[in-house]
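Trainee: Got a minute to walk me through this one? I'm new to it.

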Amino acid sequence: MIYLQQLSNPITSYQITAVIESALCVGAGGSSGSLADKPIVRNSEGNLLIPASQIKGRLRHECEKIARGLHWSICDSPNPQTMCPQRAGLIGNFERPEYQVSSDEGNYHCLICQIFGNPVLASRVIFDDLICTEDPDNLPEVLRPGVTINRRRRTAEENKLYFLETSPANTQLRFTGQIHLSGAPSYAGALILAGLQHIHALGASKSTGLGWLHWELPKLPLEQAAWDFLAKGFEQ
C-alpha cells in the first residue's frame, strides 16, 4: 500500500470530477449479489466507482496520442518490451536531451514514461478511484439486456443473451477523486489536462451510448514554458 505522506518528494493533489451524462457500466466480472452477468463495480461501502487503473490507462493512451501528434517519439505501452528503456523494434529519436532523466548513460525515457512510469521508472502521478457522491440507497439496480452478435453473419448468436448492470440513466451522477503529482516534470499538468479533455466516455458499451461524461477539472498552474516545451517536438 502506498502512503502519500511517506513519499520523499512533495505531493500536490488536485480534485477531478466526472459527471456522467448517460448510464455508466464499469463492470466487475465474477462479482456476486446481482442478477447481472456483469455487475457494476462498487467499493466496500456500496458506492459506485470508476477504478483509478481505468482512469490512468485511458489518460496515458490519450496523452500518448497528443505527444505523438506533437512529433515526440513515444514508446509503445503496455508491453514492457516495447516500452522505455527497451523499446524493442521501435524507431525514433529516443536519445534527446529532454528524455534523459539522470546522468547514467543510456537512461532515456520518453515524455509519457516520465509522467506515468514504466517497468524501471516510478510513476510521478497517482490516481484515486473516482467515487460516486450519491447515497447508494438512492440508486436502484438497473439491468440492461444485450445479445452477442456474430460479426461475420451479422446476426444474433443463439443462447447468448446477457445482462449488464448500469447506473441510472440521465441522472448527472458525479464521480469525484484526486490526482496526486510527485516530482512530475513541468509539462505534466498541461499534458494531463489536455488528455482528460479527450476522454469523452468510460466503461463498457460506449458505442451504444453508455458512459458518456464531461469533466470538472482543477485550474492547474500552467505556465507558457510548459506549452513551449511541448512544442519543441517539432524541432527533432
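Mentor: Sure, let's start with the overall make-up and then look at charged pairs. Keep in mind that this is a predicted model, where local features need pLDDT of at least 70, side-chain atom pairs count only at pLDDT 80 or more, and totals for chains, interfaces and linings use all residues. Residues are numbered from 1 along each chain as its sequence is written, and side-chain values use heavy atoms, with hydrogens and water left out.

Trainee: OK, how many helices and strands does the protein have?

Mentor: Four helices and eight strands, counted as DSSP runs numbered from the N terminus (helices are H or I, at least four residues; strands are E, at least two).

Trainee: And how many salt bridges are there?

Mentor: Nine in the whole structure, each being a side-chain nitrogen of Lys or Arg within 4 Å of a carboxyl oxygen of Asp or Glu.

Trainee: Which residue does Lys 65 pair with?

Mentor: Glu 62, at 3.2 Å from N to O. Both sit in helix H1 (residues 52-69), three residues apart, about one turn of the helix. Arg 58 joins Glu 62 and Lys 65 in a network of salt bridges.

Trainee: Is Glu 62 buried or exposed?

Mentor: Buried, at 5% relative accessibility. Buried means under 20% relative accessible area, exposed over 50%, partly exposed in between (1.4 Å probe, protein chains only). Lys 65 is partly exposed at 44%.

Trainee: Switching topic, what does Glu 216 bridge to?

Mentor: Arg 174, with the closest N and O atoms 2.7 Å apart. Glu 216 is in strand E8 (residues 213-216) and Arg 174 in strand E7 (residues 174-182), so the pair ties together parts 42 residues apart in sequence.
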